[in-house]
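Q: Please take a close look at the pockets of this model. I would like to know what lines them and how the packing around them is built.

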Amino acid sequence: MAYFSANRSPDVREVPAVAEVHHFTYGAFNPIGAYLVAVLGSFLGLLCTARARQARTRGRRTRWLIIAAFAIGGAAIWLMHFTAMLGFDVPESPVRYSPLLTMLSLALAVVAVGFGLILVGHGPRSLPRILVAGVLTGAGILAMHFTGMAGVHVSGVIHYQPALVVAAAVIAITTATAALWFTVSVRGLLPTLGAAAIMALGVCGMHYTGMAATSVELSHIVSTDVSGIRPLLMIVPITLVSAGTILAVALSALQAMTEEEFTDGGGIRRHEGPITNSWSLKQTSLTAMKRTPGARPSPQPLPLRKAVTVPAEEEPLLDVQS
């Protein structure tokens, strides 16, 4: 192994050319926490796609699919990626993150998943449609991963092993295809939970396979001044963005469920029963007016009687007080 040696400055030390890379700095917390986040996001996303299948209008179905895109792409994929990245460390170099590229990776994850869901969520279900959407969504997820990795700054250069990158791409496409198939096929609470666990396993497998392809070549002079934000400081903006996204998704889902509860599939307000003109004489019949013993009086009004003309000589006299 080649070493760089520099003794001109106290800030420069002898380090290996290829640095040691840690992926589990905080022990089992990183993989377990990342997997649980992926399971939760996948489960919520599959619940939303189930509601999308029941929607009777294109607009409502699209709304549920967009909510599912934020749940799966934002939580199950991107938030899982960042949770796992908290364990990434290079002992010989500082590790910093670019906020702009980190947020860009979030947008890529949501857009990629949303595109796949819209593609398979509208129109007839078919295997070719799911395969095409799976390839495109998997490519988007892979782009999200390496965009996020491009936002990782160290005192050196990050390299990737091509074979493991290809393996991560295959896992990403396979996982995306399986996830899209689950979104149009899985029904029931327990099958949905099992599908979410499988999706989370694939997402985590893709991430750690891509991270296994990572190697860091340090600079000749290892500097402690690396641009970006410290990993633990990134928790604050990530938490704010996640909380805002979850709140927006929850409010949108609540609004959608409320509209579906009180309106029919076409957006028309639902009534308790048919509206009829109960005062119409044409709807009144003698049969409806018959009462059974012990029954309550009918709430329908009695039909109007015909006016009877009384002759003038038979007309009673009324005493009118002056």
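A: What follows takes the pockets in turn, then the core, then one residue.

The model is predicted. Its largest pocket has a volume of about 480 Å³. Of the 23 residues that line this pocket, Leu 44, Ala 71, Ala 75, Ile 246 and Val 249 are the closest to its centre. Three elements, H1, H2 and H7, give two or more residues each to the lining. H7 supplies the largest share of that lining, with 8 residues. Sorted by class, the lining of the largest pocket holds 18 nonpolar, 4 polar and 1 charged residues.

The second largest pocket holds about 170 Å³ of space. Its lining consists of Thr 49, Ala 52, Arg 53, Arg 61, Leu 65, Leu 117, Val 120, Gly 121, Gly 123, Arg 125, Thr 183 and Val 184. Here the elements that contribute two or more residues are H1, H2, H3 and H5. By class, this lining divides into 5 nonpolar, 4 polar and 3 charged residues.

Next comes the packing. The largest nonpolar core has 67 residues, and within this core Phe 88 and Val 152 touch the most other members. At least two core residues come from each of helix H1 (29-54), helix H2 (58-85), helix H3 (99-121), helix H4 (127-150), helix H5 (162-185), helix H6 (189-212), strand S7 (214-218) and helix H7 (235-262). H2 provides the largest share of the core, 14 residues. H2 is also among the elements that give two or more residues to the lining of the largest pocket, and the corresponding list for the second largest pocket includes H2 as well.

With residues up to four places away in sequence not counted, Val 152 touches Met 85, Phe 88, Val 95, Arg 96, Tyr 97 and Ile 158. Phe 88 thus appears among the residues that Val 152 touches.

A last detail concerns Thr 209, which lies in helix H6. Thr 209 counts as buried because its relative accessible area is 18%, and the cut-off for buried is under 20%. A polar atom of the Thr 209 side chain lies 2.6 Å from the backbone oxygen of Gly 205. Neighbours within four places in sequence aside, Thr 209 is in contact with Leu 164, Ala 167, Ala 168 and Ile 171.

Methods:
Residues numbered from 1 in each chain as written. Predicted model: local features only at pLDDT ≥ 70, side-chain atom pairs only at ≥ 80, totals over all residues. Heavy atoms only, no water. Core = buried A, V, L, I, M, F, W, Y, C linked by side-chain atoms within 4.5 Å. Buried < 20%, exposed > 50% of the residue type's maximum accessible area, 1.4 Å probe, protein only. Helix = DSSP H or I, 4+ residues; strand = E, 2+ residues; numbered from the N terminus. Contact = heavy atoms within 4.5 Å. 1 Å grid on protein atoms, 1.4 Å probe; cavity = no way out; pocket = protein on both sides within 12 Å on 5 of 7 lines; lining within 4 Å. Points joined across faces, edges and corners; volume = space filled by probe spheres on them. Nonpolar A, V, L, I, M, F, W, Y, C, P; charged D, E, K, R; others polar. Polar contact = N/O pair within 3.5 Å; in protein donor to acceptor, adjacent residues only side chain to side chain.
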